[in-house]
Amino acid sequence: MLCYNRRIPIPELEARVDAVNAETIREVCTKYIYDKSPAIAAVGPIEQLPDFNRIRSNMCWLRD
């Protein structure tokens, strides 16, 4: 309702979900996740929580 200002019929919603493929996921991850600094929040014992710099370094990968 907020995005399209209308209710999306179930068949249209299913078609939109079915249209998602591996390339779409790859493009979204590259745009929003790859080489970005994450926001981290933790509750409770955090002794096992990795250091922020380690988490940040894992947010990028070597690409061809």
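Lys and Arg count here as positive and Asp and Glu as negative, with His and the chain ends left out. On that tally, the chain of this predicted model carries 9 positive and 9 negative side chains. The centres of the two sets sit 6 Å apart.

As for the fold, the chain holds three helices and zero strands. Read from the N terminus, the order is simply α-α-α. The overall dimensions tell their own story. The radius of gyration comes out at 18 Å, whereas a compact globule of 64 residues would be near 11 Å. Taken along the principal axes, the C-alpha atoms fill a box of roughly 45 × 40 × 15 Å.

Burial and surface come next. Just 3% of the 64 residues are buried. The accessible surface of the chain adds up to about 6,200 Å², and carbon and sulfur atoms account for 58% of that surface.

One nonpolar patch on the surface deserves a mention: Ile40, Ile46, Leu49 and Phe52 together make about 340 Å² of it. Of these patch members, Leu49 can be placed within the chain: Leu49 lies in the loop between helix H2 (22–32) and helix H3 (52–57). Leu49 has a relative accessibility of 38% and therefore counts as partly exposed, since that class runs between the under 20% cut-off for buried and the over 50% cut-off for exposed.

Note on methods:
Residues numbered from 1 in each chain as written. Predicted model: local features only at pLDDT ≥ 70, side-chain atom pairs only at ≥ 80, totals over all residues. Heavy atoms only, no water. Helix = DSSP H or I, 4+ residues; strand = E, 2+ residues; numbered from the N terminus. Rg over C-alpha atoms; globule rule 2.2 N^0.38 Å. Buried < 20%, exposed > 50% of the residue type's maximum accessible area, 1.4 Å probe, protein only. Areas by Shrake-Rupley, 256 points an atom, 1.4 Å probe, with all protein chains shown as cover. Charge placed at Lys NZ, Arg CZ, Asp CG, Glu CD. Patch = residues over 30% accessible without salt bridge, like charges linked within 9 Å, V, L, I, M, F, W, Y side chains within 5 Å. Salt bridge = Lys/Arg side-chain N within 4 Å of Asp/Glu carboxyl O.
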